[in-house]
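Trainee: Could you take me through the aromatic rings of this model in detail? I would like to see how the pairs are described.

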Amino acid sequence: FRDLSGKPKWKLDFNRVIEDGSLGDYKTIALNNEVVDCSFLREPTGYAVFRAMGLPAPHTNYTWVTVDGEDYGLYVGIEYPDDRFLADRYADGTGNLYDGKYLYHGGYDYEMVDFTAHLVGNFTLEEGVDVGNADVRAISDAIVAEGTFEERLGGLVDEDEFHRYILAEQWIGQLDGYALNTNNYRVYFDPSDGKADFIVYDLDYAFYAASTWGMDWASPAGKLYQACIADTDCLAAHRAAAAEAVAAIDTEALLADVDRWTALIAEDAVDDPRRECRRGLVDDTQAEMRTWVEGGSAALTAYW
């Protein structure tokens, strides 16, 4: 919500004017201003955790942005979930991809999007064929139907992927994700099995304790996750998946990445002329990120 007098977020769409245009392998790149993340580490680290758990997640980089010769500072470049993203991660990337982020109407007027009858029409089709949101509506209908989670939703949602997705959100403390806030997620219907997969996007409010926003992982907002933990078998499968998720994380390798990224941006994070946090918070929040990564797997194990 920042204009050019501040440090705005950018979306670079190389396909907008030139058909099938790209920058290397990428058709669209977001440049996130990280104004709420003094560490500049939350998104690169968070996506690395999702990838470690075998989930599709954007690649990232760091870049220094100038506009008409004026420095706008350090940004995190993020691969945008589009048809090229899907083709790179799925055997068949031609399925329907929906954006589940909140609908912003202006000021403080917005609403979250979830699998409920009055909201499923607001899922935005990003890629694929318009079917009137029938695929997301089928999930909404199944959530409120009779029967076990498996009976209602087993044929519609990739349960194994869904467990790992929610556990990855919990591992990184994603307050503004699907489980806790029904925000910042994509849903992809994979043609190979017809089931829905979740794709993560936008992690600037990750790596926080749920209590920071008065939230609780035992009382999620996401209707699909509510349905899972209310079902004995689904909850048991989720608990078992937690052990597998922890085993997938190489903490030492992730810490090495965090240290490498911290060194890479050491000067630019401080010299950013449009940084909105005081100098000392850069070092403090980077240290907090490292501490979180050190204890992330132990915390998830203790919870489950």
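Mentor: Happy to help; here is a walk through the aromatic pairs. This is a predicted model, in which local features need pLDDT of at least 70 and side-chain atom pairs count only at pLDDT 80 or more, while totals for chains, interfaces and linings use all residues. Residues are numbered from 1 along each chain as its sequence is written, and side-chain values use heavy atoms, leaving out hydrogens and water.

The structure holds 19 aromatic pairs. Rings of Phe, Tyr and Trp (its six-membered ring) pair if their centres lie within 6.5 Å; planes under 30 degrees apart count as stacked, over 60 as edge-to-face and the rest as tilted. Take Tyr90 and Tyr188: their ring centres are 4.6 Å apart and their planes stand at 50 degrees, so this pair is tilted. Tyr90 sits in the loop between helix 2 (83-89) and strand 5 (97-99), and Tyr188 in strand 9 (residues 185-189), so the pair ties together parts 98 residues apart in sequence. Helices (H or I, at least four residues) and strands (E, at least two) are DSSP runs, numbered from the N terminus. Both Tyr90 and Tyr188 are buried, where buried means under 20% relative accessible area, exposed over 50% and partly exposed in between (1.4 Å probe, protein chains only).

Now look at Phe123 and Tyr185, an edge-to-face pair with 6.2 Å between centres and 75 degrees between planes. Phe123 lies in the loop between strand 7 (109-111) and strand 8 (124-127), and Tyr185 in strand 9, 62 residues apart. Phe123 is buried at 3% relative accessible area, and Tyr185 is buried at 0%. One aromatic cluster includes Phe123 and Tyr185, with Phe50 and Tyr225 also among its members.
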